[in-house]
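Me: Could you take a close look at one part of this structure with me? I would like to go through its charged side chains.

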Amino acid sequence: MKIGFTARALVSACALGAAGLLALAPASASALPGHDPDPPRGPRTTPPPALLYRSGTQVRPHADAPALPRLSARSWLVADAGSGEVLAAHEAHRPLPPASTLKTLFALTVLPTLPAGVPHTVRPEELAGIGPGSSLVGVAAGRTYRVADLWRGVFLSSGNDAVRVLAALNGGWRATAARMQEKARALGALDTRVLSPDGYDTPGQVSSAYDLALFGRAGLRNADFARYCGTAEALFPGAGGPPYGIRNTNRLLTGADGVARYPGAIGVKNGYTTEAGNTLVAAARRGGRTLVVTVLNPRAGGGHAVYEEASALLDWGFGAAGRVEPVGSLDGRRARPGPGPSAVPVVAAAPPERRVGWAEACAIAGAAGMGAGAVSLVTRGRTE
């Protein structure tokens, strides 16, 4: 097996390897077949009209279907990411604060407009307005980052500072929020109201379990989105020194902080704010089948409950294959999308990265005189 590294991260990658700290993104974090938007595909049988708008839990089990797990979340949903069939849901369209799970919509909106290799030197005004207590990856004014670096900061560290800079490159904070709103409508996400692109608590900003599952499903059909959201650990450029390690705050992906890694986990995004509580859009693949679940604001079980309840829903969804009738579809409200927003002019894209093997990476690092202790792995625990 050969491992490749970009020329820009050779020294730090070698140092991390010597220290035993570098972890690679899971190979399963690949995009689902198809494109976003993909042609709607109907469920096996037509569910009753507006079933997902009814209060309470909606499920249509066969006699041999497994029982749903006991859950405390205010809202949840489990769907087949391939067909779009909703297998079960609870208060699917209830409007709730999404916290950083709204960054899924931010990525769907902005990823196509900014080439990953573009370098950008951050201006101080681009970091203005970050809410108190926000999660940060450590973006520094005056430092030059590639767009890909900033996206890793968004997906892994849930960095509101990285969101601010990417939004500035996309035309500004308000313009980005407006474009996110347009994208949500094009996808059929009619419960979502965008006021703060990073998901920070803002009066009137809401989404729903249905809409967030829709964003997660659409994201998995974008190769860049799928790669970023499925990355467990990565390097981030240091403000005035060597790169440092960052770890994905989605514990189902990493198995960190006492949460068991879910087998087959491929993303997508977690969040937390005071108003939203813990929120999570999670996806996993098993036996050629991919499920996406949303869990919003569990009210029992502590800080890990959102992961425990998502794991239970995934287990149920895989076990219920062929033994439940769908209660709705993630394509159910999708209109034909209009043309997307024009790309914002940016600096010309950087040349493609050259990938080199481990031996060459270490040789270059040795020539630079850097040792195994040059890079430290840091985990930053903040509001996500």
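Which residue forms a salt bridge with Arg123, and how far apart are the closest N and O atoms?

Reply: Happy to! A word on the source: this is a predicted model, in which local features need pLDDT of at least 70 and side-chain atom pairs count only at pLDDT 80 or more, while totals for chains, interfaces and linings use all residues. Residues are numbered from 1 along each chain as its sequence is written, and side-chain values use heavy atoms, with hydrogens and water left out.

Now to your pair. Arg123 forms a salt bridge with Glu125, and their closest N and O atoms are 3.1 Å apart. The term stands for a side-chain nitrogen of Lys or Arg within 4 Å of a carboxyl oxygen of Asp or Glu. In general, side chains of opposite charge can pair when their charged atoms come close.

Arg123 also forms a salt bridge with Glu126, where the closest N and O atoms are 2.9 Å apart. Arg123, Glu125 and Glu126 are thus linked in a network of salt bridges.

How covered are these three residues? For the wording, buried means under 20% relative accessible area, exposed over 50%, and partly exposed in between, using a 1.4 Å probe and protein chains only. Arg123 has a relative accessible area of 41%, so Arg123 is partly exposed. Glu125 counts as exposed because its relative accessibility is 51%. Glu126, at 5% relative accessible area, is buried.

It helps to set this beside another pair. Glu233 and Arg247 meet through their side chains in a salt bridge of 2.9 Å, N to O. This pair links distant parts of the chain, 14 residues apart: Glu233 lies in strand 7 (residues 233-236) and Arg247 in strand 8 (residues 244-247). Strands here are DSSP runs of E with at least two residues, numbered from the N terminus. Glu233 is buried, with a relative accessible area of 13%, whereas Arg247 is partly exposed at 26%.

For the wider picture, a search of the whole structure finds 12 salt bridges. The three described here are among them: Arg123 with Glu125, Arg123 with Glu126, and Glu233 with Arg247. If you have the model open, start from Arg123, follow its salt bridge to the exposed Glu125, and then turn to the buried Glu126.

Conventions
Helices (H or I, at least four residues) and strands (E, at least two) are DSSP runs, numbered from the N terminus.
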